[in-house]
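Visitor: I would like to learn how to read a structure like this one, feature by feature. Where should we begin?

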Amino acid sequence: MGVARVTRRGLLLGGAALLALPGTAFAAAAPAIVDCAGWGARPNNRIVNVVVTRPVKILVHHTATPNVDDLSRGAADHLARGIQNFHMDRRGWLDSGQHFTISRGGFVLEGRHRSLEAVRSGRKQVEGAHCTGQNLVSIGIENEGTYSATGPTGVLWDRLREMCAYVCAQYGIAPTEIFGHRDFKDTLCPGDVLYGMLPRLRGEVGGMLGRRPEGSSVRAASWPVLREDDRGPVVRAAQHLLRGAGRTEVAVDGVFGAPMAESVRTFQAEHATEEVNGIIGGESWPLLAAPVRAGERTEAAQAVETLAASSSTRPPSTVGPRQWQQLLTAAR
Ligand SMILES: [Zn+2]
């Protein structure tokens, strides 16, 4: 490491310096970050929207690219250029969608132009394009690789921890507010393994900031991702909820087979979700999980009974989004 392409002095002393927000207990070392000029970014082709508000969370992504062995700075620059080209030429976006990129070699690169300037200010936010609905309230970090079956390199993990701690410190974000893309969308991103490491990330970032988040908040209940070939009580609950949402062709058998995936796609198309892919994630769950009051005999109420029985807990008297997440997380 030590490749600091930072032009403004003062923040970096030998690659890192302690920063503190006035009036807060936060402090974090700023990792070296390669800015857009440093990796040869193309100019953005429309104006980058910068707003004077602070983001309130961090979203962790994986690039879903191969887990390459080339850990060089050149590979990191190549990756950043490839993502930018894809986002501008194929997606039609004005620039890279994410705010920051971390390579498998542990290089941290600015994504969308002005993201570095904004995070340094601690009070401005660049509107990203990494997760519709979250782009004005979150910082998006893309991690190079595919982490569905294996974890990231040690240096990538170290830089991710440092970057999250730095972003949290700059904006006053609680380390418990670190999420995965799948918490908000019907996607497998950032992969089962990296997603499963988020409680550890929250805890470690908390430790770096001198905070010790409680276990329950580190392991926050969330919307589980369901996909074809999954089975069990959460699938059964989803089947009840799909039926309750009008997909009455769905059989309640606890097995996520091809017919159920087709019904999920129909549901997604009806609700105009971003992805129509047969995966139930952070976008479809809130649409499916209807509120339930005690004594109801709806499909949603049967889903609650299924989940409560599987974790041997008593169903809550009223079930809203938070209780749904708790029931779904406990039943897994
Ligand atoms: Zn993602």
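**Reading the model**

Guide: We can begin with one residue: Gln325 sits in helix α12, residues 321-330. Keep in mind throughout that this is a predicted model.

Visitor: Is Gln325 buried or exposed?

Guide: Buried means under 20% relative accessible area. Gln325 has 18% relative accessibility, so it counts as buried.

Visitor: Which residues does Gln325 touch, leaving out those up to four places away in sequence?

Guide: Ala221, Ser222 and Trp223 are the ones Gln325 touches.

Visitor: How many helices and strands does the protein chain have?

Guide: The protein chain has 12 helices and 12 strands. Of its 332 residues, 51% are buried. Among contacts with a separation of 6 or more, 68% are between residues 24 or more positions apart. The chain exposes about 14,500 Å², and carbon and sulfur atoms supply 51% of that area.

Visitor: Now the sheet. What is the order of strands in the open sheet of 6 strands?

Guide: The general idea is that strands of a sheet pair through backbone hydrogen bonds, either parallel or antiparallel. Here the order is β3-β7-β6-β9-β5-β10, and the pairing is mixed. The edges are β3 (33-34) and β10 (178-180); each has a single partner strand, so one side of each lacks a neighbour in the sheet.

Visitor: In which sense do β5 and β9 pair, and over how many bridges?

Guide: β5 pairs with β9 (residues 138-143) in the parallel sense, over 6 bridges. Two bridge partners in β9 serve as examples: Ile141 for Val60, and Asn143 for His62.

Visitor: How many bridges join β5 to β10?

Guide: There are 3 bridges between β5 and β10, and these strands run parallel. Within β10, Phe179 is the bridge partner of Leu59.

Visitor: Why is β5 described as largely enclosed by the rest of the structure?

Guide: In β5, 6 of the 6 residues are buried, so the strand is largely enclosed by the rest of the structure. Both faces are covered: Lys57, Leu59 and His61 are buried on one side, and Ile58, Val60 and His62 are buried on the other.

Visitor: Where is Cys164 placed?

Guide: Cys164 lies in helix α4, residues 154-171. With 0% relative accessibility, Cys164 counts as buried. Setting aside residues up to four places away in sequence, Cys164 touches Ile58, Ile141, Ile178, Leu201 and Val205. For a backbone distance, take Cys164 and Ile139: they are 25 residues apart along the chain, and their C-alpha atoms are separated by 9.4 Å.

Visitor: Which residues coordinate the zinc ion, and through which atoms?

Guide: A metal site is read from its donor atoms. The zinc ion is coordinated by His61 through ND1, His181 through ND1 and Cys189 through SG, at 2.0 to 2.3 Å. Water is not among the atoms, so the site may look incomplete. Along the chain, the donors follow the spacing H-x119-H-x7-C. His181 and Cys189 are both buried, and His61 is among the buried residues of β5.

Visitor: Last, the surface. Which residues make the nonpolar surface patch of about 210 Å²?

Guide: The patch is made by Val56, Leu136 and Val137. Val56 is in the loop between β4 (50-51) and β5 (57-62). With a relative accessible area of 47%, Val56 is partly exposed.

Notes: Residues are numbered from 1 along each chain as its sequence is written. This is a predicted model: local features need pLDDT of at least 70, side-chain atom pairs count only at pLDDT 80 or more; totals for chains, interfaces and linings use all residues. Side-chain values use heavy atoms; hydrogens and water are left out. Donors are N, O and S atoms within 2.8 Å of the metal (3.2 Å for Na, K and Ca); water is not among the atoms, so sites may look incomplete. Buried means under 20% relative accessible area, exposed over 50%, partly exposed in between (1.4 Å probe, protein chains only). Patches are made of residues with over 30% relative accessible area and no salt bridge: like charges are joined within 9 Å, nonpolar side chains (Val, Leu, Ile, Met, Phe, Trp, Tyr) within 5 Å. Accessible areas come from the Shrake-Rupley method with a 1.4 Å probe; for residues, only the protein chains shown count as cover. A salt bridge is a side-chain nitrogen of Lys or Arg within 4 Å of a carboxyl oxygen of Asp or Glu. Helices (H or I, at least four residues) and strands (E, at least two) are DSSP runs, numbered from the N terminus. Contact means heavy atoms within 4.5 Å. Two strands pair if DSSP finds at least two bridges between them.
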